[in-house]
Every structure is written in C-alpha cells, then in structure tokens.
Amino acid sequence: MPVGDRASPVTLRIGVLTGGGDAPGLNAAIRAVVIRATALGHEVFGIADGWAGLLAEAEPRPLAPRDVARILGEGGTILGTSRTDPRKDEASRRAVIECIRRFRLDALVAIGGNDTLGVAQWLHEQGIRVVGVPKTVDNDLSETEFCIGFDTAVTVVADALDRLRTTASAHHRVVVVEAMGRDTGWVAAFGGLAGGADLILVPEVPVTSEDVVRTMKRRRAIGDPDILVVVSEAAEIQGLEAQTAVDRDAFGHVRLDQRAIGAVLARHIEQRTGIEARQVVLGHLQRGGSPTAVDRLRATRFGNAATDLVDAGRSGVLPVHRSGRVDVATIQDAVRETRGLSDDIIELVRRFAGPLD
Ligand code: F6P
C-alpha cells in the first residue's frame, strides 16, 4: 500500500553514506534523508565511514527519526567518513557490489564531492540505484551553484579576517591567510571578499610575485597600516616556488597543505618589502564546528530532494542549486570537471582585492 505521497510501490531499504572530507551540514543532510524517507514509509540504514564501510562489510545501522533528532546543528558526520576508492582493484569492486546486495539495500544516497560522486556514478553504471547529494567546502562540483559546507567555510574565513585585522593593525603588519580549495578559489574568494581582504590570490587568476610585492608597497605608501592577504592553498604565484607536496590521498590528490604557500608568501613579502609579515593556515577549522543556518537549510533541501528522487525510482542523479531553486542534474555532469570561479566573481576579486598597478 502506498504511504502518503510515496511514488514507490514498495518499501525501500535505503543506505546513506558520507564520503570524502567532512563538511559542516552533513548531519543536517542525513537527518533530512531519514525524516523524509521515514515519512514516505521507507527504511534508512547508515553506512559507516563512506565506501570503506561497505568494503569492511560493517553492518549498516538502522536510522529512525529519533536517531537524528538532535544532529541538525552538529558538525562532522554521525556516520563517519573516509577517502576510500572501492574501484581501486577488481576484488574491491566486486566486494562493494556484493555488500550492497547482501545487506539488501535497494538504493544508496551518497553525500559527497567529486571523488565520492565519481564512485556513485560508477555504481550507477553497474546497475545499483544511487542518488547523490552535493557536498564539498571547495564548492567546485559542476551543475550546482552551492554545495553543503561551503557557506560555513566562507564564514570561518570572514570571521578570521575580522580578528586578524585588529592584530595586523596594532602591529602594522601584513597577515597572509591560507584558505582551503583543492583546485579552485571559491572559499578564498568568497571568504576574502566577505572579510574585506586587501589581496586575494586564487588559482583562476594568474599573478606574479612582483605583482604581490608591488601591491604591498603601494598599499603601505597610500597609508594602509595593516594588509590582509588571502591565498588559496592551490594558488600558483609566478616567480615564487611553493614547497613540494609529497603525500597523496586514495584518489591520487596531492596534500596541498604541504605546499605551505601561505608561509612561503609571507616570508617573500617580508624579505622583499621590509614589512613585517605573519601567516595563518585556517586548515581544518574551515571544516569543523556547527554549520551556518544557510548550510543547514541547503542540506535539508538537498537531503529531502534526494530522498524524493530515490522514491521516484531515479538513479545517477543529484539535487543541485540553481538560481535559488533545487533542480536535478546527472551525477555524470556534476563530476565531469571541477567548476572554477565564475567570471563575475573573478571580476569582483579583481576590483576589490586585486593587485594594484
Ligand atoms: O576537498 C576538501 C578539502 O578540504 C580540500 O580543500 C583540502 O585540500 C582537502 O580536503 C584536505 O583533505 P584532508 O582532510 O584529507 O587533509
């Protein structure tokens, strides 16, 4: 018997997992999936630690609305997460599919970014019903304007700049703030603009070390007592050698924190301008703690929509944010390429926090 406005003729066993780097708002998304699925008469099972949970054959845990009643504002993920690629060898590929069958999961909701959703797309191609939810503080998935976690990360950067402005001002220093962003400058650009940074350096906008030095000198010459620079961890500054990142994660991505671009840049500025400079790496502070109201709402809307897509029998798709509305895209399109800063944001960065002539 159909329950409520349910489209599925049968009660579904829906597995939910969170994969990749954690992001504030994951719990809000899990909560939305559980509440919506239960209202539709389906059952939800939480898979531990992303794809690793299926490889380890860890029994998924049943999730009822009371299990998620108090997690809306909690950071992290009650399910745990990991960077695990089950496509890495034939045995893992077989194991993950067998595990889904053994646990009699009719469908999966995979909450993640490019890597997690890449695996979701592969499972979809293997005939497993999978719906995605866009999550990454980097905000670089295609097809969607916003991902879960991004707004909180931006807020952390803006708050940090407010604090750093006062100490930079007291000491008449330059402070270089290193922000996250694997291939793109979304967090640095939005956080830097919101926090009034004087110079924002992102991978999408080429800049030279001379541009940076000249800008620092010009700012000092026009009487700026303190100068805040936001640099994305992936930014390339021509003429400046970042440190060599050695380690890679399971998906082959280099550890960008090991480039130490913020430290390298601060040292360069001090040596070349004589202005005292310090650096702050915001790192995982950008991913920790309670999600903003915006992230809670986005996560709730995405989790709700993803569950409706599962209920409607869809697979290989995910809810996305377009012009304020929740729309649907294919996972394949969402992961096809990392989405860099849009032209209007690049222009805003140039006008408000670009190098000076
Ligand atoms: O992809 C999200 C992200 O936070 C990147 O911005 C960053 O480079 C990376 O993850 C850090 O990963 P980890 O948590 O494994 O150090």
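This report covers the ligand site and the cysteines of the structure above.

The model is predicted.

**The ligand site**

Start with the pocket. The ligand takes up the space of the largest pocket. Around the ligand stand R83, V137, D138, M180, G181, R182, E233, H284 and R287. Sorted by class, this shell holds 5 charged, 2 polar and 2 nonpolar residues. V137 and M180 belong to the shell, and both count as nonpolar. G181 and H284 also belong to the shell.

Polar side-chain atoms of R83, E233 and H284 come up to oxygen atoms of the ligand. The table gives the distance for each residue.

| Residue | Side-chain atom | Ligand atom | Distance |
|---|---|---|---|
| R83 | polar atom | oxygen | 2.8 Å |
| E233 | N or O | oxygen | 2.6 Å |
| H284 | N or O | oxygen | 3.0 Å |

How much of the ligand does the protein bury? Taken alone, the ligand exposes 400 Å². The protein buries 80% of that area.

**The cysteines**

Now turn to sulfur. How many disulfides does a search of the whole structure find? The search finds 0.

Is C99 buried or exposed? C99 has 0% relative accessibility, so C99 counts as buried. The cut-off for buried is under 20% relative accessible area. C147 is also at 0% relative accessibility, and therefore counts as buried.

Terms used: Residues numbered from 1 in each chain as written. Predicted model: local features only at pLDDT ≥ 70, side-chain atom pairs only at ≥ 80, totals over all residues. Heavy atoms only, no water. Disulfide = S-S within 2.5 Å. Buried < 20%, exposed > 50% of the residue type's maximum accessible area, 1.4 Å probe, protein only. Near = heavy atom within 4 Å. Polar contact = N/O pair within 3.5 Å; in protein donor to acceptor, adjacent residues only side chain to side chain. Areas by Shrake-Rupley, 256 points an atom, 1.4 Å probe, with all protein chains shown as cover. 1 Å grid on protein atoms, 1.4 Å probe; cavity = no way out; pocket = protein on both sides within 12 Å on 5 of 7 lines; lining within 4 Å. Sits in = over half its atoms within 2 Å of the grid points.
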